[in-house]
Amino acid sequence: MKETVETKSAPETTPTVAQPKLEVDATPEDIDSKNKKKKARTTFTGRQIFELEKQFEVKKYLSSSERTEMAKLLNVTETQVRE
């Protein structure tokens, strides 16, 4: 006598293909900003760090003229002194 074994097969499914997400309201500026690389960080010299730290220990917030003077002294931009 032969014995038959029933096997259950997986239900049939239709394979799905992942669709790329589209940003409907994306502007050219949005696309450009995603493609831009981050600006490299400034590497300060040991002397620049020392002078900046020394100045900021004395006075945390510099006036515009103090910032300009410090930037010239250290050969960096005013923005670099401020940040």
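Among the elements of this predicted model, helix α3 (residues 64-74) has the highest mean pLDDT, at 93, whereas helix α1 (residues 28-35) has the lowest, at 62. Over the protein as a whole the mean pLDDT is 77, and 57% of the residues reach 70 or more. Where pLDDT is low, the predicted coordinates should not be read in detail.

Side chains of opposite charge can pair when their charged atoms come close, and in this model the count of salt bridges comes to two. One of them joins the side chains of Lys54 and Glu51, with a distance of 3.5 Å from N to O. Both residues belong to helix α2 (residues 46-58), where they stand three residues apart, or about one turn of the helix. Within this pair, Glu51 is buried, with a relative accessible area of 18%, while Lys54 is partly exposed, its relative accessible area being 42%. In the other salt bridge the side chains of Glu66 and Lys59 meet at 2.9 Å, again from N to O. Glu66 is partly exposed at a relative accessible area of 28%, and Lys59 likewise counts as partly exposed, with a relative accessibility of 34%.

A further charged residue, Arg67, is found in helix α3, and this residue is buried yet takes part in no salt bridge. The nearest side chain of opposite charge, that of Glu78, is 4.4 Å away, and Arg67 is therefore left without a salt bridge to Glu78, since such a bridge requires a nitrogen-to-oxygen distance within 4 Å. When neighbours within four places in sequence are left aside, Arg67 is in contact with Leu62, Glu78, Val81 and Arg82.

Methods
Residues are numbered from 1 along each chain as its sequence is written. This is a predicted model: local features need pLDDT of at least 70, side-chain atom pairs count only at pLDDT 80 or more; totals for chains, interfaces and linings use all residues. Side-chain values use heavy atoms; hydrogens and water are left out. Helices (H or I, at least four residues) and strands (E, at least two) are DSSP runs, numbered from the N terminus. Buried means under 20% relative accessible area, exposed over 50%, partly exposed in between (1.4 Å probe, protein chains only). Lys and Arg count as positive and Asp and Glu as negative; His and the chain ends are not counted. Contact means heavy atoms within 4.5 Å. pLDDT is the predictor's confidence in each residue, from 0 to 100.
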